[in-house]
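Biologist: I would love a close look at one part of this model, followed by a walk through whatever helps to place it. Could you take me through it at an easy pace?

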Amino acid sequence: MAFSMVNLLAILAEYGRQHAGVEVHGIDGSRAQLLADLTSGSVDVFLTAEAHPVWDGASLPLWSERVMVALSEDHFLRASPIVRWPDLAGARVLINRRDPGPDYEAMLLARLGEQCGCILIAHEVCLDHLLGFVAAGHGLTLVSESAAGARDSGIVFRELHDDDGPVRIRFAAYWKETNRNPALRPFLDLLRERYSDVAPSVSAR
């Protein structure tokens with residue numbers, strides 16, 4: 001879960017205070033692997049970007065964050081206070097195969113099309129390593145606003161905008177309704193309490 005660590009850590013801290021005897025284990029990996037783990041029952045809950053058409057279990061919308069463009073300090077776009085989608089046409093874009101990288105790729109292609117001229121370079125690394133490639137001048141990448149504080153050496157961040165203002169990405173929790181782990185329900189209740197302004201839990205059809 002290489003995203004939104006501020007929100008995630010706040011949730012985990014509160015859960016730890018309320019349920020001190022429960023051991024929480026985090027797993028990082030590709031979306032396909034984590035979905036397989038969720039399906040098999042080896043993972044209880046999966047937190048990722050909301051756009052998730054392949055999951056047919058339960059879900060709960062959570063927070064949303066602004067999308068930022070991470071640039072090297074000498075990138076020409078750093079002179080702009082904001083970056084717009086057309087500014088990315090023809091750019092070298094580093095795409096992380098770990099979440100929510102695939103969603104950023106889908107956003108980019110939806111806004112600019114397959115013929116945007118972008119060079120998409122795939123990685124499957126932790127966020128800090130991906131930003132290391134950005135700092136070294138290998139390309140730019142898209143991150144959430146909370147992830148923008150993950151590294152500052154050699155990196156600048158600019159808000160990504162469309163015609164309506166800042167581009168945002170929403171996150172959600174996914175789980176199996178048949179999961180009977182007694183530690184899961186209190187965690188989901190905490191999520192519902194903290195994000196009571198968004199839609200209640202639903203089971204996808």
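Which residues of α5 are buried?

Modeller: Happy to, and please keep in mind that this is a predicted model. In α5, the buried residues are L184, F187, L188, L190 and L191. Looking down the axis of α5, you find these buried residues within an arc of 155 degrees, so they line one face of the helix.

From here the pocket is a good next stop, since α5 (184-194) supplies at least two residues of the lining of the largest pocket. So do α1 (5-18) and β1 (46-49). The largest share of this lining comes from α1, which gives five residues. In total, 23 residues line the largest pocket, and its volume is about 530 Å³. If you want to centre your view on the largest pocket, pick V24, H25, G26, D44 and V45, the lining residues that lie nearest its centre. Sorted by class, the lining has 17 nonpolar residues, with four polar and two charged ones beside them.

Helix α2 makes a good companion to α5. It spans residues 31-40, and its buried residues are R31, L34, L35, D37 and L38. Seen down the axis of α2, they fall within an arc of 160 degrees, so here too the buried residues line one face of the helix. Two of the names in that buried set, R31 and D37, are an arginine and an aspartate. On the face of α2 turned away from the buried side you will find the exposed residues A32 and S40.

Now to the strands, and I would begin with β7 (residues 155-162). Seven of its eight residues are buried, so β7 is largely enclosed by the rest of the structure. Its pairings are worth tracing one by one. With strand β2 (residues 58-72), β7 pairs in the antiparallel sense over five bridges; in one of the pairs to look for, V69 has R158 of β7 as its bridge partner. With strand β3 (residues 82-84), β7 runs parallel, and three bridges join the two. There, R84 stands opposite H161 in β7. With strand β8 (residues 165-166), β7 pairs in the antiparallel sense over two bridges, and D162 stands opposite G165 in β8. A hairpin makes the connection from β7 to β8, through two residues.

Beside this group of strands, have a look at P81, which lies in the loop between β2 and β3. At a relative accessible area of 70%, P81 is exposed, as the cut-off for that word is over 50%. P81 and E159 are 78 residues apart in sequence, yet their C-alpha atoms are 7.6 Å apart in space.

Strands β4 and β5 are the next pair. Residues 92-96 form β4 and residues 119-123 form β5; the two run parallel, joined by five bridges. Among the facing residues, R92 stands opposite I119 in β5. To get from β4 to β5 the chain crosses through helix α3 (residues 101-112), and this β-α-β crossover is right-handed. Four of the five residues of β4 are buried, so β4 is largely enclosed by the rest of the structure.

The route out of β4 holds a detail you may enjoy. Most peptide bonds are trans. The bond joining D99 and P100, however, is cis, with omega about -5 degrees. P100 is found in the loop between β4 and α3.

Finally, follow α3 to L112, which is found in that helix. L112 is partly exposed, with a relative accessible area of 23%; it misses the buried class because that asks for under 20%. The C-alpha atoms of L112 and D87 are separated by 10.0 Å, with their positions 25 residues apart along the chain. To return to where we began, go back to α5 and turn the view until the face lined by its buried residues comes round.

Notes. Residues are numbered from 1 along each chain as its sequence is written. This is a predicted model: local features need pLDDT of at least 70, side-chain atom pairs count only at pLDDT 80 or more; totals for chains, interfaces and linings use all residues. Side-chain values use heavy atoms; hydrogens and water are left out. On a 1 Å grid over the protein atoms alone, a cavity is a set of points where a 1.4 Å probe fits but cannot get out, and a pocket is an open set with protein on both sides within 12 Å along at least five of seven lines; lining residues have an atom within 4 Å of a point. Grid points are joined across faces, edges and corners, and a volume is the space filled by probe spheres set on the points. Ala, Val, Leu, Ile, Met, Phe, Trp, Tyr, Cys and Pro count as nonpolar, Asp, Glu, Lys and Arg as charged, and the others, Gly among them, as polar. Buried means under 20% relative accessible area, exposed over 50%, partly exposed in between (1.4 Å probe, protein chains only). The arc is that of the directions from the helix axis to the C-beta atoms. Two strands pair if DSSP finds at least two bridges between them. A crossover is right-handed if, with the strands pointing away from the viewer, the path from the first strand over the helix to the second runs clockwise.
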